[in-house]
Amino acid sequence: MGVNNYINQIIEGNCVEVMKNFETDSIDLTITSPPYDNLRNYKGYEFPFEQIAQELFRITKSGGVVVWVVGDATINGSETGTSFKQALYFKDIGFNLHDTMVFKKRNPIPQIYRKRYNNEFEYMFVFSKGIVKTHNPIMIDCMHAGLELNGTTYKNYSKNEQTREKLAKPVKNKKIKGNIWEYVVGKKQEDQEAKGHPAPFPCELARDHIYSWTNKDDIVLDPMCGSGTTCKVAGELGRKYIGIDISQEYCELARERIKNIEMQMQLILE
Ligand SMILES: C[S@@+](CC[C@H](N)C(=O)[O-])C[C@H]1O[C@@H](n2cnc3c(N)ncnc32)[C@H](O)[C@@H]1O
């Protein structure tokens, strides 16, 4: 059984066991969000983190990327720090920590005051197997486009020493987006379809990562796909997808969402 037998399917099972059937160096991009510190009661819960990370390293192509969307529980007044421990483990087994990005929620769940500020973000750790092979950067408008400033200061991360250089006079029209991405959670029609699941991430988040780190026909995996958000968006963007979830109920929900996009694509073609 190779990866080709799973293309454009939602597979029910423990992702460690399913991923064992994939060839080494076979996946371009993984986007996934693991269960956080038992925060939610997933059906059929079993989460062997270290084995999952090791399998992801084996099956990721050279230059491929894993986006790990995660937050921490607060237990007895202290955040668990699990997300950091997981990020360091990914580094220990050979991944580069390419970028620590933030998923900021425009409509965070209000919390009861416990001498702390309202939590309104999760991490999006971007790991790569070697140097990233594909980056289609999302561009945004420059606030001071056209202004004749004294020169704009840039940090050059390509060199080992992170020197600052003065370039670009006048200021350019567009620049590469920053690494804090902001989304409304659960309100758009495309996200409402996932409401049978307790913790879907927004379609827009998946869309921005898939666009950034893959090209058409690349293979996108979500080994804990829940309501199938990653797979739905990957299909819409002309990427191949594989979704895995341990829960039969969530697999059915994911298949239902994907059936909708297949029907929409069919209508567009007719
Ligand atoms: C945070 S949710 C993912 C939500 C998903 N990103 C979405 O947009 O719907 C985590 C999922 O991991 C699944 N899960 C937990 N352990 C698993 C395992 N060992 N193998 C596969 N899926 C697992 C749970 O059933 C749950 O649906």
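## Around the ligand

In this predicted model, 24 residues surround the ligand, and the nearest of them are Pro 200, Met 224, Gly 226, Ser 227 and Thr 229. Try finding these five in the structure above before you read on.

What kinds of residues make up this shell? Nonpolar residues account for 15 of them, polar residues for seven, and charged residues for two.

## The chain as a whole

Now step back to the full chain. The chain holds seven helices and 14 strands. Of its 270 residues, 31% count as buried.

How are contacts spread along the sequence? Take the contacts between residues at least 6 apart in sequence: 70% of these join residues at least 24 apart. You will meet several such pairings below.

## The nonpolar core

The largest nonpolar core contains 49 residues, and Val 67, Val 220 and Ala 254 have the most contacts inside it. Which element gives the largest share of this core? That is strand β3, with six residues.

Val 220 is a good residue to click on. Leaving out residues up to four places away in sequence, Val 220 touches Asp 28, Leu 29, Ile 31, Ile 210, Thr 214, Thr 230, Ala 234, Arg 239, Lys 240 and Tyr 241. One of these partners, Ile 210, will come up again in helix α5.

## Two helices, each with a buried face

Let's look at helix α2, which spans residues 49–59. Its buried residues are Ile 52, Ala 53, Leu 56 and Ile 59. Why do they line one face of the helix? Looking down the axis of α2, you would find the buried residues within an arc of 140°, so they line one face. There is a general rule behind such patterns: an α-helix has 3.6 residues a turn, so residues three or four places apart point the same way. The cover over the buried residues of α2 includes α1 (15–19), β2 (27–32), β3 (60–70) and α3 (82–92).

Helix α5 (residues 203–213) can be read in the same manner. Here Cys 203, Leu 205, Ala 206, His 209, Ile 210 and Trp 213 are buried. Seen down the axis of α5, these buried residues fall within an arc of 160°, so they too line one face of their helix.

## Ile 27, a buried strand residue

Ile 27 sits in strand β2. Is Ile 27 buried or exposed? A residue counts as buried when 20 or more other C-beta atoms lie within 10 Å of its own; Ile 27 has 25, so Ile 27 is buried.

Among the residues that Ile 27 touches, beyond those up to four places away in sequence, are Phe 22, Thr 60, Lys 61, Gly 64, Ile 219 and Leu 221. Ile 59 is another contact of Ile 27. Ile 27 and Ile 59 are 32 residues apart along the chain, yet their C-alpha atoms are separated by 5.9 Å.

## Strands side by side

Strand β7 (residues 121–128) runs antiparallel to β3, and six bridges join the two. Within β7, Ser 128 stands opposite Val 65. Strand β7 also pairs with β6 (residues 96–105), again in the antiparallel sense, over eight bridges. Here Phe 103 has Glu 122 in β7 as its bridge partner. As a general point, in a regular strand the side chains alternate between the two faces of the sheet.

## Partly exposed residues and far-apart partners

Phe 84 lies in helix α3 and counts as partly exposed because it has 15 C-beta neighbours inside 10 Å. Phe 84 and Tyr 123 are 39 residues apart in sequence, with 9.3 Å between their C-alpha atoms.

Ala 73 is in the loop between β3 and β4 (74–75). With 13 C-beta neighbours inside 10 Å, Ala 73 is also partly exposed. Its C-alpha atom is 7.0 Å from that of Tyr 36, which is 37 residues away in sequence.

## Two unusual backbone angles

Most residues other than glycine have a negative phi. Asn 8, in the segment before β1 (9–12), has a positive phi near 55°. Asn 8 is partly exposed, with 15 other C-beta atoms within 10 Å.

Asp 217 has a positive phi too, of about 75°, although it is not a glycine. You will find Asp 217 in the loop between α5 and β13 (219–222). Asp 217 is exposed, with 9 other C-beta atoms within 10 Å.

Terms used:
Residues are numbered from 1 along each chain as its sequence is written. This is a predicted model: local features need pLDDT of at least 70, side-chain atom pairs count only at pLDDT 80 or more; totals for chains, interfaces and linings use all residues. A residue is near a molecule or strand if its C-beta atom, placed from the backbone, lies within 6 Å of it. Ala, Val, Leu, Ile, Met, Phe, Trp, Tyr, Cys and Pro count as nonpolar, Asp, Glu, Lys and Arg as charged, and the others, Gly among them, as polar. A residue is buried if 20 or more other C-beta atoms lie within 10 Å of its own, exposed if 12 or fewer, and partly exposed in between; C-beta atoms are placed from the backbone. Helices (H or I, at least four residues) and strands (E, at least two) are DSSP runs, numbered from the N terminus. The arc is that of the directions from the helix axis to the C-beta atoms. Two residues are in contact if their C-beta atoms, placed from the backbone, lie within 7 Å. A nonpolar core is a set of buried Ala, Val, Leu, Ile, Met, Phe, Trp, Tyr and Cys residues joined through C-beta atoms within 7 Å. Two strands pair if DSSP finds at least two bridges between them.
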